[in-house]
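Biologist: Would you please show me the model, so that we may discuss it step by step?

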Amino acid sequence: MSRQVVRSSKFRHVFGQPAKADQCYEDVRVSQTTWDSGFCAVNPKFMALICEASGGGAFLVLPLGKTGRVDKNVPLVCGHTAPVLDIAWCPHNDNVIASGSEDCTVMVWEIPDGGLVLPLREPVVTLEGHTKRVGIVAWHPTAQNVLLSAGCDNVILVWDVGTGAAVLTLGPDVHPDTIYSVDWSRDGALICTSCRDKRVRVIEPRKGTVVAEKDRPHEGTRPVHAVFVSEGKILTTGFSRMSERQVALWDTKHLEEPLSLQELDTSSGVLLPFFDPDTNIVYLCGKGDSSIRYFEITSEAPFLHYLSMFSSKESQRGMGYMPKRGLEVNKCEIARFYKLHERKCEPIAMTVPRKSDLFQEDLYPPTAGPDPALTAEEWLGGRDAGPLLISLKDGYVPPKSRELRVNRGLDSARRRATPEPSSTLSSDTVSRLEEDVRNLNAIVQKLQERLDRLEETVQAK
């Protein structure tokens, strides 16, 4: 008599826990634009989501703890002249966010600690180079101030945000049709892309060469998304010829056959993959779905193991994914998603049940910290480096806000031509002024909270 052996895994019992009503963000108007991005980006300080806006494009940025009902007159980031399609927080500066828009520009914004008090219309830098709408923005994981953007002109541009210049271009000769997804490798040496021409490519962006290429990883005509996972593998989501949704795992050195190919269901929503390199778990979130599936990736066959599925009643319009340093380690939280409804953003915590209150080292190996490993010049010069790792044993304390320094080209040339005044502010004076500004922002935020409470009291009466 044979007995079926259940595979041992510490993640078999991971469960999703939606936040309570007072921990959600209510009365937010999520964008109605049809585009396959998450529409939401989060980090340990802020939650940002693309929202409906009249007369242009805008997105909302809120401090992570400012939950509850969002005032209809809340200030927005509203410098774009057409709808915003994608947003991404800088991994090395929690106050800096990039946005791509239908107005063909990429803008980089600096959000003050405590959030916005007035609408933000002036970006730190505007990156102009695309001739059609920009649907993807992605920061380099280890090099400072390096940003990638992909447009519907079938062009990928890599920017040095510090100078505001495009330093690398992958033209239509690489991607002859619309680019569906772009993902950096963990050390930022390679990117993998999926394209409407039904090919997935692994590219060395500094040389502009295609390292590996797979034609038709999925037989269907719907969009394919691809991300790097552990040990040089890539994971793709797509559709079969019979319009069944599929997930596949590939070895970039042998792309002839997938290491694993699984069919999921017959829904029509595109699956957005989110990979956690610390736990080797990939989460699949479908736009229009009401569920999140998660799989564990191992180094031995069958390589891709289905774990479980979180389900809820309402479908999701988009999804944000919190970096590991923003999680609550004392609650054994290994991932947190920010699910967009039509008028609400709902945090969902993925937790491993443990009896002990002690720090669980097997769940939290050293993870990517906020410091860059390379400068933009070093990476462009050919150097590669993995992320600088930090321990979460004593919890994560965000560093002081860092100013994004941008050399504005002509403006900086004019400043160099203008004689410098003989007296300059000392570093102590600058520090005191920065502290005064932070204190003023805190006072303004408290006043705003009091006004909100007064409004609620008046409405209740």
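The following exchange takes up this predicted model in questions and answers.

Biologist: Which residues does UniProt list for "repeat: WD"?

Modeller: The record in question is an unreviewed UniProt entry. In the model, the span 77-119 is 0% helix and 51% strand, with its end C-alpha atoms 6 Å apart. The span 127-169 is 0% helix and 56% strand, and its end C-alpha atoms lie 13 Å apart. The residues that the entry lists under this name are 77-119 and 127-169.

Biologist: Which strand gives the largest share of the largest nonpolar core?

Modeller: This core has 39 residues, and Met-47, Phe-59, Ile-111 and Tyr-338 touch the most other members. Several strands supply at least two residues each, including S3 (40-42), S5 (57-63) and S29 (333-340). The largest share is 6 residues, and the strand that supplies them is S4.

Biologist: How many residues does the other core hold, the one that lies apart?

Modeller: Among the members of this other core are Tyr-283, Phe-310, Ile-334 and Tyr-396. The core lies apart from the largest one, and its number of residues is 24.

Biologist: Which residues, beyond those up to four places away in sequence, does Tyr-338 touch?

Modeller: Tyr-338 is one of the residues that touch the most other members of the largest core. Its contacts include Tyr-25, Cys-40, Val-42, Met-47 and Leu-64. The others are Gly-318, Met-319, Gly-320, Met-322, Cys-345, Glu-346 and Pro-347.

Biologist: Which residues make the nonpolar surface patch of about 250 Å²?

Modeller: One member of the patch belongs to helix H3, which covers residues 427-460; this member is Val-444. Val-444 has a relative accessible area of 31% and therefore counts as partly exposed. The patch is made by Val-117, Leu-118 and Val-444.

Biologist: Why does the salt bridge between Lys-45 and Asp-113 tie together parts of the chain, and how many residues apart are they?

Modeller: Side chains of opposite charge can pair when their charged atoms come close. For Lys-45 and Asp-113, the closest N and O atoms are 3.0 Å apart. Lys-45 lies in the loop between S3 and S4, whereas Asp-113 lies in the loop between S10 and strand S11 (125-128), so the pair ties together parts whose separation in sequence is 68 residues.

Biologist: Is Lys-45 buried or exposed?

Modeller: A residue counts as buried when its relative accessible area is under 20%. The value for Lys-45 is 17%, so Lys-45 is buried.

Biologist: What is the distance between the closest N and O atoms of Asp-265 and Arg-245?

Modeller: Asp-265 is in the loop between strand S23 (260-263) and strand S24 (271-276), and Arg-245 is in strand S22 (residues 245-251), 20 residues apart. Arg-245 is buried, with a relative accessible area of 1%. The two residues form a salt bridge, and the distance between the closest N and O atoms is 2.8 Å.

Biologist: Which residues join into one network through salt bridges that share partners?

Modeller: The structure holds 20 salt bridges. One of them pairs the side chains of Arg-383 and Glu-378, at 3.2 Å from N to O. Salt bridges with shared partners also build one network, whose residues are Asp-197, Arg-199, Arg-201 and Glu-213.

Biologist: How far apart are the C-alpha atoms of Asp-197 and Ile-443?

Modeller: Asp-197 is placed in the loop between strand S17 (191-195) and strand S18 (199-204). Leaving out residues up to four places away in sequence, Asp-197 touches Pro-176, Asp-177 and Asp-215. Ile-443 is 246 residues away along the chain, and the C-alpha atoms of the two are separated by 54 Å.

Biologist: What is the distance in space, C-alpha to C-alpha, between Arg-293 and Ser-311?

Modeller: Arg-293 belongs to strand S26 (residues 291-297). Its relative accessibility is 12%, so Arg-293 counts as buried. Beyond its neighbours within four places in sequence, the contacts of Arg-293 include Arg-245, Asp-265 and Tyr-283. Arg-293 and Ser-311 are 18 residues apart in sequence, and their distance in space is 8.6 Å.

Biologist: What is the relative accessible area of Thr-351?

Modeller: Thr-351 has its place in strand S30 (residues 344-351). Apart from neighbours within four places in sequence, Thr-351 is in contact with His-13, Val-14, Phe-15, Lys-331, Cys-332 and Glu-333. Thr-351 is buried, and its relative accessible area is 14%.

Terms used: Residues are numbered from 1 along each chain as its sequence is written. This is a predicted model: local features need pLDDT of at least 70, side-chain atom pairs count only at pLDDT 80 or more; totals for chains, interfaces and linings use all residues. Side-chain values use heavy atoms; hydrogens and water are left out. UniProt positions are given in the numbering used here, feature names are shortened, and annotations may be inferred rather than shown by experiment. Helices (H or I, at least four residues) and strands (E, at least two) are DSSP runs, numbered from the N terminus. A nonpolar core is a set of buried Ala, Val, Leu, Ile, Met, Phe, Trp, Tyr and Cys residues joined through side-chain atoms within 4.5 Å. Buried means under 20% relative accessible area, exposed over 50%, partly exposed in between (1.4 Å probe, protein chains only). Contact means heavy atoms within 4.5 Å. Patches are made of residues with over 30% relative accessible area and no salt bridge: like charges are joined within 9 Å, nonpolar side chains (Val, Leu, Ile, Met, Phe, Trp, Tyr) within 5 Å. Accessible areas come from the Shrake-Rupley method with a 1.4 Å probe; for residues, only the protein chains shown count as cover. A salt bridge is a side-chain nitrogen of Lys or Arg within 4 Å of a carboxyl oxygen of Asp or Glu.
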